[in-house]
Every structure is written in structure tokens, then in C-alpha cells.
Amino acid sequence: MSAHRTLSRSLRRVAVGAFAILAVTAAPAFATTIERVISPGGVEAWLVHEPAVPLIAVDFAFSGGAIQDAEGKGGTAQLVASLLDEGAGDLDSKAFHERLERKAIELNFEADRDTLRGTLRTLSANRDEAFEALRLSLTAPRFDAADIEINRAQIMSTLRRATTSPSEIASLRWWQTAFAGHPYGRPVAGTLESVPQITAADLRDYVRRVMARGNLKIAVVGDIDAEALKPLLDRAFGALPAQPELADVANVLPQGLGRRLLTKLDVPQAVVTFGGPGIARQDPDFMAAYVVNHILGGGAFSSRLYQEVREKRGLAYSVYDNLVWLNHTALFLGGTATRADRTNETVDIIEKEIHRLAETGPTAEELAKAKAYLNGAFALNVDTSSKMAALLVQIQRDGLDTDYFTRRPQMIDAVTLDSARRVAKRLLDGGLLVTVAGRPTGLATSDAE
């Protein structure tokens with residue numbers, strides 16, 4: 001990333017951040033009305049009108065992401081995301097950033113496996129200029145040669161650092177093994193071999209294929225009402241193609257279950273990634289799985305993995321696992337880092353606790369505490385307009401409706417001890433793939449490299 005770009009974003013974040021701090025106290029509550037707004041041109045967005053602070057947060061996502069990178073061109077989505085705000089239309093990178101800075105507009109893009117995402121943050125007084133900048137970045141990105149090479153060099157530098165990072169190595173090998181031969185097995189940022197092969201034509205082709213209205217979800221939170229928003233939606237998104245041209249991607253289950261794979265690396269600690277098949281977001285058992293996963297290792301100090309690995313034995317500073325749901329697969333995925341000479345013990349305990357919860361399920365006390373925590377802590381996901389906008393996009397992508405906020409506590413409360421025990425067996429009894437990076441002593445492995 002260029003020094004100019006880094007400074008530009010820092011200045012914009014200072015300006016917008018001052019209002020974002022105020023937005024914490026004026027964040028939308030669960031009872032806030034979520035409106036479906038459809039522009040005259042047919043662009044749909046979910047809107048939470050919150051006039052208390054003069055700030056507008058816009059989040060949006062195109063389905064596609066890194067899994068739409070062409071064969072041999074891994075990292076295309078990532079490079080596109082890094083360049084969409086590096087000049088557009090008649091404005092080169094410097095002029096484009098200066099225009100954003102003058103109005104304290106923050107515009108960012110990022111790519112993940114399934115989506116190309118963007119965020120826009122602006123003072124409501126500057127909304128016309130902000131949506132115009134968004135329009136330019138989406139419909140007329142420049143992809144100037146100098147900017148491509150600067151951003152390519154930044155990505156290559158990150159990829160080189162990743163070759164010596166135990167956490168990156170363990171994670172990369174897990175995904176490559178679990179999804180060998182599938183787009184999910186490719187790193188989002190590409191590789192040291194693929195990124196140099198990406199051309200400006202590849203970037204433009206990706207934009208043409210992926211960035212369309214038909215695979216777009218939008219959320220807007222802040223000081224703007226539906227009537228004012230409608231023409232702005234058409235201005236920013238209306239000129240995009242109606243439908244994308246996405247390559248077919250097969251649904252897939254993780255492979256390599258039951259294996260422990262070691263990548264040798266001279267580092268003080270061993271880093272462990274572990275995971276297995278999950279439960280899809282639209283599955284009727286998802287909410288029970290969500291509660292069970294919290295009990296196992298979903299972030300609270302009371303989780304079984306935290307208690308067994310850290311509190312009782314001091315084997316690691318942290319240990320966690322999460323449910324991960326993607327367009328074409330579902331997982332539970334976790335990790336930890338531990339001393340080299342105690343890696344085998346740590347992995348054994350993790351596998352033992354997962355097996356124990358699968359066999360016996362949670363206790364009534366664990367279930368009650370998990371449900372209370374998950375209902376109470378959810379407010380932290382919507383305590384700013386930015387968090388609310390991001391969550392609204394994800395809810396749309398998950399195929400849920402605008403009443404999700406009111407239904408969620410009821411769905412959690414409806415998880416019974418019997419259903420939690422049944423789903424624990426379903427979720428956790430499928431086997432684990434474990435990858436380790438480091439030089440552990442005495443680790444029983446299936447393979448090492």
C-alpha cells in the first residue's frame with residue numbers, strides 16, 4: 001500500500017471516527033424498524049433510519065469472492081478489492097483520495113472466499129459526494145499500471161511474510177487439505193506464483209463477471225430516510241450489470257478427517273488448526289449447533305476447551321472454535337498455540353473434549369448459561385451503525401428476513417437439552433482434520449513436511 005494511500009485512509013478515519021464514537025450511544029436497538037427500500041431502478045437495500053447522529057454507514061457485498069478467481073490467477077479478487085478505490089473515471093489515485101479526504105469520506109473494499117465487500121462511511125451532509133465516489137469506484141475503476149504494481153507488491157510482501165508465519169501455515173494447510181481440488185482450497189490472497197500472472201485485463205474481466213445487481217446485498221444505517229436513499233441507490237449501483245456471470249462452484253464437504261498433519265517450522269510454539277464438518281446456516285439444527293459450539297469453545301471463558309486446555313492445565317493462552325458457513329460448505333473450525341513439548345497433549349485434550357461433548361451432550365447448567373450469554377451479548381453486535389450495517393448484509397446473505405432480530409432470542413430459547421444433545425452428536429462426531437506448524441516433540445501425525 002502506498003504511503004499516500006495509508007495517510008489518506010488514516011485522515012479519513014480520524015474524521016469519520018469522531019462521529020462513529022457518538023454513534024455508539026445512538027446505535028439502533030433491536031426494536032428498530034428495518035425497511036426494505038427499492039429504488040426506481042430496482043436496487044434493493046435494507047435501511048435503518050437513525051437520525052440521532054449525522055452519519056451514514058453503507059455496507060454491501062457481491063457474491064463471488066476469491067472462488068471466482070480464474071484458474072492460475074488466484075488473488076484476483078483481492079487485487080481488485082485493493083484497487084477499486086485507487087482512482088476512477090477521470091480521477092487518478094491521488095485526485096480520488098484527495099476528493100474523499102476533503103469530505104471526510106471513508107470508502108473501503110475487501111475480498112473473502114465468497115464475497116467482494118465494500119463499506120462507505122460519510123457525514124450525512126456529504127452523502128451526494130460519497131455516493132458519487134462509490135459510483136465511480138464500482139463502474140469506472142481505472143486499474144492504472146502504476147497502482148496495480150504498487151498493490152501487487154504489497155500483496156506479494158504479505159504472502160512472503162506468510163511463509164514464515166506458523167498461524168498462516170497451519171491455516172493454509174488445513175484449507176488446502178480439506179478442500180483439495182476445490183476453489184476453497186486456494187488462498188484468498190493468491191500465491192507467490194499466481195499473483196504475478198494477474199493482468200489489468202484479468203481485473204476488468206473479474207469486475208465484469210462478478211459485480212452485478214443480481215448478486216448484490218446492501219444495508220444502510222444512519223441519518224437518511226427511504227425517499228432520500230432511493231435515488232442514491234440508483235446513482236451508485238444502477239449502472240451495474242443486471243446479472244453476474246459466475247462460474248459454477250460445487251458444494252463440498254471437508255476431506256482429510258482423522259488426519260494430523262505437521263509442517264515443520266523453527267518457532268518457539270506450535271500452532272494448531274483443527275476442524276470438521278459443520279451445519280449449514282439454513283439447516284433447522286443451526287441454532288442448536290450455535291449454542292453447542294459456544295459451550296465447546298465459542299469464545300467465553302466458561303467454554304469446555306478454555307477450561308480444559310488453559311485453566312486446568314495451562315497449555316495455551318487461548319483456544320477457540322467457531323461455526324463457519326460458506327456458500328458451498330459448512331464447518332466448525334478452531335485453533336490454539338502451545339509449547340512444542342506439550343503439543344501432543346494439547347491436541348489429545350481438544351479431541352477428547354470434542355468427543356465427550358459429542359457423546360454426552362451439554363449439561364442443563366451449561367445450556368442455560370450459554371443461552372443467557374448468547375442472548376445478552378448479541379447487543380455488542382449492533383452497538384454502532386457500522387456493526388449494524390455489516391450484520392444486516394450478512395443476514396441478507398444468509399437468506400434470513402428483517403424480523404431476525406425479534407426471532408433470534410426465541411430461536412435460542414427454543415433449544416432444548418434433548419435437541420442440544422442430539423445436535424452435539426451430529427455436529428461433533430464427524431472427525432477432525434488437525435494441522436500443526438512448528439517443531440513439536442512427540443506429536444503423533446499422519447504426515448509431516
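Two strands are said to pair if DSSP finds at least two bridges between them. This notion accompanies the whole tour, which is made through a predicted model.

**First stop: the six-stranded sheet**

Begin by selecting β4 (residues 106-111) together with strand β5 (residues 115-123). Six bridges join β4 to β5, and the two strands run antiparallel. To see one of these bridges, display alanine 111 and look in β5 for its partner, which is leucine 116.

Strands of a sheet pair through backbone hydrogen bonds, either parallel or antiparallel. Now widen the selection to the sheet as a whole. It is open, has six strands in the order β1-β2-β6-β3-β5-β4, and shows mixed pairing. Which are the edge strands? They are β1 (35-38) and β4, each of which pairs on one side only. If direction is ignored, neighbouring strands of this sheet are turned by 20 degrees against each other on average.

Next, add helix α2 (residues 76-83), which lies across β4 and β5. The direction of α2 makes an angle of about 175 degrees with that of β4.

**Second stop: helix α3**

Select helix α3 (residues 93-102) and, within it, glutamate 98. Is this residue buried, partly exposed or exposed? Glutamate 98 has a relative accessible area of 29%, so it counts as partly exposed. From here, a distance may be drawn in the viewer to alanine 242: the two residues are 144 places apart in sequence, and their C-alpha atoms are 31 Å apart in space.

**Third stop: strands β8, β9, β10 and β11**

Select strand β8 (residues 269-277), which is mostly covered, with seven of its nine residues buried. β8 has pairing partners that can be displayed in turn.

- Strand β10 (residues 330-339) runs antiparallel to β8 and is joined to it by nine bridges. Valine 272 has threonine 336 of β10 as its bridge partner, and threonine 273 is matched with glycine 335 of β10.
- Strand β11 (residues 433-438) also runs antiparallel to β8, and five bridges join them. Here glycine 275 has leucine 433 of β11 as its bridge partner.

In a regular strand the side chains alternate between the two faces of the sheet.

Move on to β10 itself, of whose ten residues eight are buried, so that this strand too is mostly covered. Add strand β9 (residues 319-325), which pairs with β10 in the antiparallel sense over seven bridges. One bridge to display is that between valine 324 and leucine 331 of β10. How many residues does the hairpin use to join β9 to β10? The connection is made through four residues.

**Fourth stop: threonine 343**

Select helix α11 (residues 343-360), where threonine 343 is found. Threonine 343 has 0% relative accessibility and therefore counts as buried. Display what it touches: leaving aside residues up to four places away in sequence, these are Ala270, Val272, Thr338, Val436, Pro440 and Leu443. Of these, Val272 has already been met as the bridge partner of threonine 336.

**Fifth stop: helices α9 and α12**

Two packed helices are described by the angle between their axes and the distance between the axes. Select helix α9 (residues 286-297) and helix α12 (residues 364-377), which pack at an angle of about 105 degrees with their axes 9 Å apart. The angle makes α9 roughly perpendicular to α12. Show the side chains at the contact: α9 contributes Tyr290, Val291, His294 and Ile295, while α12 contributes Glu366, Leu367, Ala370, Lys371, Tyr373 and Leu374. Sorted by class, the contact has seven nonpolar residues, one polar residue and two charged residues.

Remain on α12 and select alanine 368. Its relative accessibility is 47%, so alanine 368 counts as partly exposed. Alanine 368 is 23 residues from leucine 391 in sequence, and the two lie 25 Å apart in space, C-alpha to C-alpha.

**Last stop: helix α13**

Leucine 391 is one of the buried residues of α13; the others are Ser385, Met388, Ala389, Leu392, Val393, Ile395, Gln396 and Arg397. Select the helix from end to end, residues 385-397. How does the span of its 13 residues agree with 1.5 Å a residue, and why? At that rate α13 should span 18 Å, and its end C-alpha atoms are 19 Å apart, which agrees. Finally, step just past the end of α13 to glycine 399, which takes a positive phi of about 75 degrees.

Definitions and conventions. Residues are numbered from 1 along each chain as its sequence is written. This is a predicted model: local features need pLDDT of at least 70, side-chain atom pairs count only at pLDDT 80 or more; totals for chains, interfaces and linings use all residues. Side-chain values use heavy atoms; hydrogens and water are left out. Axes are lines fitted to C-alpha atoms, for helices over the stretch in contact, and angles run from 0 to 180 degrees between N-to-C directions. Angles under 35 degrees count as roughly parallel, over 145 as roughly antiparallel, 65 to 115 as roughly perpendicular and the rest as oblique. Contact means heavy atoms within 4.5 Å. Ala, Val, Leu, Ile, Met, Phe, Trp, Tyr, Cys and Pro count as nonpolar, Asp, Glu, Lys and Arg as charged, and the others, Gly among them, as polar. Buried means under 20% relative accessible area, exposed over 50%, partly exposed in between (1.4 Å probe, protein chains only). The expected span of a helix is 1.5 Å times one less than its number of residues.
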